[in-house]
Amino acid sequence: MSQHIRDLVPEPGDLLALGEPTHQEPAFGAVRNELFAQLVELGFRSIALETDRVAALAVNDHVLHGTGNLATVLTEGFSHDFGALNANRRLVAWMREYNRHRPAPERVTFHGFDAPTENTSAPSPRSYLEHARDYLQIEDLDLAEIAGDDHRWSRDEAILDFARSMGRTPEAERLRSIGEDLLTRLHARAPELIARSSRAEWLRAKTYLDGGLGLLHYHWQAARPLPQSERICLLLTTRDTLMARNLLDIRRVEAERGPTMLCAHNSHLQRNPSAWSLGDLRADWYGAGAIVDSLGIGSYTFIAGSLGRSTVLKLGEPAPDTFEGRLQRRITGWGLLPAAEVPPARRREDTTPQQGYFPLEQATIDGADAILHITG
């Protein structure tokens, strides 16, 4: 059993994806931080987390240049309340200290690769499009007037009830047309814009614009009059597709600097199809990892996360004949092992939907390169 990534994956490749079976167990964040520090020693120069790509730009400004203070970037630079997690505070502080006296090529960068969507809400695209408009110095375009009240977009009903969604309204159609025009202008004027500002600022404007157009598409999907299971599956698929497209963009930026570590829920990173169910609702879709791996943008390594017990989740000791139970007997504290060494077992059945825990399954293990198990 190893606790050093080099022993398990001597050549980690371009993308190393570390999954976790739940977001609610803090031990995964602590182990992630330790493994990222090891990967930096092996030449990794970036990390990408399951958080809003646009918001994360503020975190990257901080770790690279010291812009803002730690408290502010944790509040404003993370979506999904992930800035409140102590492990993320420690990660950002460590990255800032690591970069403080290093030349630019050696510094580590921070990315988000998610869209700013919650389970039951998605924000207005207004502010995303406004950033691109301002960068292009277009003065006669009032996007706030067109988009209207932001709450009409972000309210739960706009996602849960297709009839109350903004996605297929005249306002959304006009914003989509404007966004596509801004994207064309951004590319058409790239030589001039980059000369006036910088390539980094041009890429930032494109990131905002991509984020706004992605939100418009997500709202458009939410407005489709489908049975609830089909709508949920479509929205999960859309979110992971946006994640995959963000990862492709991130790797275009980072490819020459070094490999990237990804961190997210197993369901977003695993190679096998993801599945979710609650009562009569069910969804099956391909996550971002499966999409990116299939496109072959570089070598992809997936480490699936597994958990034994957890006081925080009120998760008890796993049954001995489950995957987690068999791993529990082999590992003390936490450890990494090749997925091929995990013997056949049954799926764990003592979890609840509120824990957000996706038990290990044979398909997940078969599609993984390694397993990270935390005993709890």
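In this predicted model, helix H13, which spans residues 228–254, packs against helix H15, which spans residues 288–295, at an angle of about 45 degrees, and their axes are 8 Å apart. An angle of this kind falls outside the ranges for roughly parallel, roughly perpendicular and roughly antiparallel, and H13 and H15 are therefore oblique to each other. The crossing of these two helices, H13 and H15, is right-handed. On the side of H13 the contact is made by Asp 240, Thr 241, Met 243, Ala 244, Leu 247 and Leu 248, while H15 brings Ala 288, Ile 291, Val 292 and Leu 295 to it. Sorted by class, the residues in the contact of H13 with H15 are eight nonpolar, one polar and one charged. When you follow such a list along a helix, it helps to recall that an α-helix has 3.6 residues a turn, so residues three or four places apart point the same way.

We can turn next to helix H3, which covers residues 56–65 and is mostly covered itself, since eight of its 10 residues are buried. These buried residues of H3 are Ala 56, Leu 57, Val 59, Asn 60, Asp 61, His 62, Val 63 and Leu 64. What lies over them includes strand E2 (46–52), helix H4 (70–76), helix H5 (86–99), strand E3 (109–114) and helix H12. Just after H3 comes Gly 66, which takes a positive phi of about 80 degrees.

A little further along is Gly 77, which is found in the loop between H4 and H5. Is Gly 77 buried or exposed? Its relative accessible area is 0%, and because buried means under 20%, Gly 77 counts as buried. If neighbours within four places in sequence are left aside, Gly 77 is in contact with Thr 51, Ala 55, Ala 56, Ala 58, Val 59 and Thr 72; of these, Ala 56 and Val 59 are among the buried residues of H3. Another buried residue of H3, Asp 61, is 16 residues from Gly 77 in sequence and 9.9 Å from Gly 77 in space, C-alpha to C-alpha.

Helix H12, named above as part of what covers H3, spans residues 199–222 and holds His 219. This histidine, His 219, is buried, with a relative accessible area of 0%. A polar atom of the His 219 side chain lies 3.3 Å from the backbone oxygen of Ala 122. Apart from neighbours within four places in sequence, His 219 is in contact with Ala 122, Pro 123, Trp 153, Ile 159, Ser 165 and Gly 167.

Key. Residues are numbered from 1 along each chain as its sequence is written. This is a predicted model: local features need pLDDT of at least 70, side-chain atom pairs count only at pLDDT 80 or more; totals for chains, interfaces and linings use all residues. Side-chain values use heavy atoms; hydrogens and water are left out. Axes are lines fitted to C-alpha atoms, for helices over the stretch in contact, and angles run from 0 to 180 degrees between N-to-C directions. Helices (H or I, at least four residues) and strands (E, at least two) are DSSP runs, numbered from the N terminus. Angles under 35 degrees count as roughly parallel, over 145 as roughly antiparallel, 65 to 115 as roughly perpendicular and the rest as oblique. A crossing is left-handed if the near helix is turned anticlockwise from the far one by less than a right angle, and right-handed if clockwise. Contact means heavy atoms within 4.5 Å. Ala, Val, Leu, Ile, Met, Phe, Trp, Tyr, Cys and Pro count as nonpolar, Asp, Glu, Lys and Arg as charged, and the others, Gly among them, as polar. Buried means under 20% relative accessible area, exposed over 50%, partly exposed in between (1.4 Å probe, protein chains only). A polar contact is a pair of N or O atoms within 3.5 Å; within protein, one must be able to donate a hydrogen and the other to accept it, and residues adjacent in sequence count only if both atoms are side-chain atoms.
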